[in-house]
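Reader: I should like to learn how to read a structure with several chains. May we go through one together, step by step?

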Amino acid sequence: MTRRTRRTLPSPVAMRRGILVTLLALWELVPLTGLLPELFLPSLSSTLKVLWQDGRIYGHALAVTLYEVAMAMAIACGGGILAGAAVGGLARLRVLLLPVVSSLYAVPIVILYPVFTAWFGVGSESKIAFAGIYAFFPVMLSTAAGIQTIDPQFLVAARSMGATLPQQIARVIIPASLPTVFAGLRLGGALAIIGVVVSEMLTAAAGIGYLLTLNRTILDSPRVFAAILLILLLSIAYYLVSRAIERRFVVWQSAGKPLQPAQSTV
Amino acid sequence: MTEAIAVEGLSHNYGGTVPALEDISFSVPAGRFTVIVGPSGCGKTSLLMMLAGLRAQSQGSIHCLGKPIPEPDPQRVGVIFQEASLYPWLTALENIEFPLSLRGTPKEDMRRRAEAMLHLVGLAGFGARYPHELSGGMKQRVAIARGLVQDPPVLLMDEPFAALDEQTRMTMGHELLRIWSTTSKTVVFITHSLTEAVYLADEVLVMSARPGRIIDRIPIDLPRPRNYEMMATDVFGRLRDRIWRQIRKAD
Amino acid sequence: MKILLVRLGLLALVLAAWELLPRHGIVNPLLLPPLSEVLAMLGELLQRGQVREALGVSAFEVALAFAIAVPLGAALGVLIAENDYLGDVFKPMLFIVFAIPKSIFLPLFILAFGTGIQQKIAYAAFTTTFVVLMSAAAAVESVKQDYLLVARSYGATRLQILTRVYVPSMLPVLLETLRISMIFNFTGVLIAEMYASRTGIGHLIASWGENFQMKQLFAGVILLAAAAILFNEALRWMEARVSAWRT
C-alpha cells in the first residue's frame with residue numbers, strides 16, 4: 001500500500017478566484033438549463049446583452065448616481081473628518097460628545113429618508129442629504145478614534161527640536177493623521193455609495209437604484225440584474241481602488257492596525 | 001564659567017498644589033557625564049523636561065551654558081526620549097534631517113550632516129529604512145543621531161534604553177560612551193538601572209521619592225574608557241551598592 | 001456631573017429649537033411641525049389599531065430575522081475563526097461584502113417570496129447574518145491564546161475549554177455582537193418595509209412621507225429612534241455589568 005502524499009489545498013487566492021468563476025458559470029448555466037426560471041435568475045449573457053443595448057440609459061443613470069455619491073462624500077468626509085479630528089483631538093469635546101454620538105449610532109438613519117424626500121423632493125438633493133448624513137457619523141467616529149492613536153510624544157519631540165506651532169501642525173500632526181484621513185475617505189465613499197443606492201431604490205426619478213426598482217416593478221429581470229451588476233462593479237471598484245491608494249500612500253503604517261470593514265447596514 | 005548646567009533652588013508643583021520637586025540645586029561641569037537615578041515618580045523626567053526648556057518650573061532657576069532656557073533650544077540642548085519617537089512616515093535619514101529642516105537648512109547640507117551622524121551611530125547604509133523596519137536598538141541609535149545632528153553642547157537623555165532588552169542595553173550603553181568620547185558634550189542621563197548608572201557616569205545624582213530632592217552625589221572614579229570587565233570588580237559593586245542604599249533610605 | 005448637565009443642556013436646546021422655530025415661523029411648520037404637536041400626534045397614533053398592528057408586524061419581523069441570523073452567523077463566524085484555511089479564503093471576501101449595498105438584493109428576495117412578510121424577514125436575516133458572522137469571528141479570535149494554553153496545560157477537555165474559557169471570555173463581546181447586529185437587523189427590516197411592503201411601521205412611515213403627513217412622520221421617527229436607543233442602551237448596560245473584569 002503506497003503512502004499518500006499530503007494533499008495540498010489550493011491557495012486562498014486561487015480558491016477565491018475559483019469560487020468567483022464558478023459563480024459566474026452558474027449564473028450563466030443555471031437559467032439556461034431551466035433549473036431556475038429566467039424571471040428569477042436571468043442568465044449572465046442576457047444581463048450583459050441588455051446592459052450593452054441600453055448602454056446610454058445606464059450610463060446616464062450611473063452619472064446621476066456618481067454625482068450624488070460625490071456630493072454626499074463631500075459632506076460626509078469633509079464634515080466627518082473635521083468633526084472627528086476636533087472631537088478626537090480636544091479632550092473636552094470628546095468626553096462631551098462621543099458617548100452621545102455612539103448612542104445615536106443605534107438609530108436606523110433610513111427612517112429619516114422620508115423626511116428628506118418631503119423636504120427636498122424626489123431629486124438628487126434628498127439622496128445627497130441622506131447619504132451625506134448616513135456616512136457622516138461613522139466617518140466622524142472613525143476619525144476621532146484614529147486621531148487618538150497618534151503618539152503624543154511626537155509633538156513633545158518636535159517641540160524639543162524647536163518646531164514652531166505651524167511647523168508642528170504641518171510637519172507632524174498632518175502626516176501623522178494621514179492614515180486616519182485615508183481610512184475616513186475610504187469608509188465615507190463606501191457608505192455614500194450605499195446610502196445613495198438605497199435612497200435611489202426607495203424614492204427617486206433617476207439613478208441606477210431608480211432603474212433597479214423601475215425594472216423590478218415591470219418584472220424585467222435582465223434589466224434588474226444589469227443594474228445590480230453595475231452597482232456591484234461600482235462598489236467593488238471603489239473598494240479596491242481606495243484600498244490600493246491607501247496602501248500606497250500609507251506604506252509606512254506598519255502591520256498591526258487591523259482594517260475595519262465598512263460599517264454598512266444595507 | 002565652566003558650568004554647563006547650573007540649577008539653583010528648583011522647586012515645582014503639579015497643578016500648583018502637588019509638590020513634585022523640592023529645592024533642587026546642582027551643577028554639571030562641561031564635558032561631564034552625569035546620571036540621575038531615583039525611584040519611580042520622583043520627578044526625574046519632569047526635571048529633564050525643565051532642563052530642556054519643555055516645561056516651566058514653579059520656582060528656582062536653570063542656566064544652561066550661562067543662559068536661562070525658557071523654551072527649547074535644540075542648538076544648545078539636544079533631547080533623546082525613552083520611546084525613540086521617530087516619525088514613521090520619514091526614513092531614518094529624513095528623521096535625522098528633521099531638526100535641520102525646521103530651520104531651513106539647504107538640502108545638501110542636511111544630507112551631508114545626517115549621513116555623518118548615521119555613520120557615527122554605526123548605522124551607515126540604513127538611511128533609507130523606515131522606523132518600522134528597524135529594531136528597537138537601531139531606532140534609538142537614529143534618535144541619538146537626531147539629537148546630535150545640530151551638535152548641541154548639552155545632551156539630555158530620558159531613559160533612552162529602557163524599552164530595550166538587557167543585552168541590547170549593554171551594547172547601546174557601550175556604544176553611547178564611544179560616541180560621547182569622540183565629542184566633548186555634557187550629558188545628563190536618566191535611568192532606573194543602577195548598573196547602567198555606574199557604568200556610564202562620571203557622577204551619579206540620587207533623587208528621593210516624591211517630592212524629589214537630591215539626596216546624594218556619588219563620584220564614579222572608574223577609569224575611562226569603561227569596559228564590561230569593570231562590572232565584575234569590587235569597586236563597581238560597592239558603588240552600585242552605595243546608590244542602592246541611598247535609594248532605599250529615601251523611600 | 002457637570003458633563004451630564006452640559007449634555008442635558010444641549011438636548012434641551014435642541015428640543016426648544018424644535019418647538020420654537022416652527023412656532024414662530026422661522027422654519028416652515030408644514031415641513032417641521034412643532035415638537036409638542038408631534039408628541040401629541042404620537043400619543044394619538046399609539047392608540048390607533050392600525051399603528052399598533054404595524055408595530056406588531058415589525059417587531060415580529062425583527063425578532064424572527066434575528067432568531068435566524070444569529071445562530072447562522074455565529075456558526076459561520078466560529079467556523080471561519082477556527083479554521084485557518086477557510087478564514088484565509090473568505091475573510092477578504094467578507095471585506096468586500098461589507099462594501100456592497102446589500103439592498104440591491106432586495107428585489108431578488110421579492111422575486112422569490114413576493115411582497116409579503118417572508119421577503120422582509122429573509123432580507124433582514126440575510127444582511128444581519130454577515131454582521132453576526134464578522135463579530136462572532138472577531139469574538140472567537142479575541143479569546144487570548146494564553147488563556148487557552150493555560151487551560152490545555154491543565155488538561156481541560158474541549159467541553160471544559162468551551163464553557164470555562166471561551167464563554168466567560170467572550171461574553172462581553174457576545175453582548176456587543178448582539179447589540180450591533182440588532183442595529184443592522186432593525187435597519188434591514190425597515191428598509192424592506194419601506195421598499196415594497198404594505199405592512200409594518202416602515203411602510204407606514206414611508207407612506208406618511210409620501211402624503212406629506214409630517215406630524216405622523218416625525219412621530220414615527222421619534223418612536224423608532226427612541227426604541228432603538230433604549231434597546232441599545234439596555235444592552236450596553238448589560239455589557240458593562242458583565243465586562244467589569246475587562247481592561
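Reader: How many residues of chain B are in contact with chain A?

Author: This model is predicted, and the count rests on it. Two residues are in contact here if their C-beta atoms, placed from the backbone, lie within 7 Å. On the side of chain A, 14 residues take part. On the side of chain B, the number is 17.

Reader: Which helix of chain B gives the most to the side that touches chain A, and how do the residues of that side divide?

Author: The residues of that side of chain B include 2 polar and 2 charged ones, beside 13 nonpolar ones. The helix that gives the most to this side contributes 3 residues and covers residues 92-102. That helix is H2 of chain B.

Reader: Is H2(B) oblique or roughly parallel to H3(B)?

Author: H3(B) covers residues 107-120, and its axis lies 9 Å from that of H2(B). The two helices pack at an angle of about 125°. Angles from 65 to 115 degrees count as roughly perpendicular and those over 145 as roughly antiparallel, so an angle outside these ranges and not under 35 is called oblique. H2(B) is therefore, with respect to H3(B), oblique.

Reader: How many residues of the contact of H2(B) with H3(B) are nonpolar?

Author: H2(B) brings residues including Leu93(B), Ile96(B) and Glu97(B), while those of H3(B) include Met110(B) and Arg113(B). Of the residues in this contact, 1 is polar and 2 are charged. The number of nonpolar residues is 8.

Reader: In which sense does strand S1 of chain B pair with S2(B)?

Author: S1(B) covers residues 3-14 and S2(B) residues 18-29, and 8 bridges join the two strands. Within S1(B), Leu10(B) stands opposite Ile24(B) of S2(B). The sense of the pairing is antiparallel.

Reader: Which residue takes a positive phi in the hairpin of S1(B) and S2(B)?

Author: The hairpin has 3 residues between its strands. One residue in the hairpin has a phi near 55°. This residue is Gly15(B).

Reader: Which residue of S4(B) stands opposite Ala6(B)?

Author: S1(B) also pairs with S4(B), residues 59-64, in the antiparallel sense over 5 bridges. The residue of S4(B) that stands opposite Ala6(B) is His63(B).

Reader: What separates the centres of the two domains of chain C?

Author: Chain C has 10 helices and 0 strands. Chain C is divided into domain 1, residues 1-32, and domain 2, residues 39-242. Taken over C-alpha atoms, the separation of the two centres is 32 Å.

Technical notes: Residues are numbered from 1 along each chain as its sequence is written. Chains are lettered from A and ligands numbered from 1 in the order in which they are written. This is a predicted model: local features need pLDDT of at least 70, side-chain atom pairs count only at pLDDT 80 or more; totals for chains, interfaces and linings use all residues. Helices (H or I, at least four residues) and strands (E, at least two) are DSSP runs, numbered from the N terminus. Ala, Val, Leu, Ile, Met, Phe, Trp, Tyr, Cys and Pro count as nonpolar, Asp, Glu, Lys and Arg as charged, and the others, Gly among them, as polar. Two strands pair if DSSP finds at least two bridges between them. Domain bounds come from an automatic or database domain assignment. Axes are lines fitted to C-alpha atoms, for helices over the stretch in contact, and angles run from 0 to 180 degrees between N-to-C directions.
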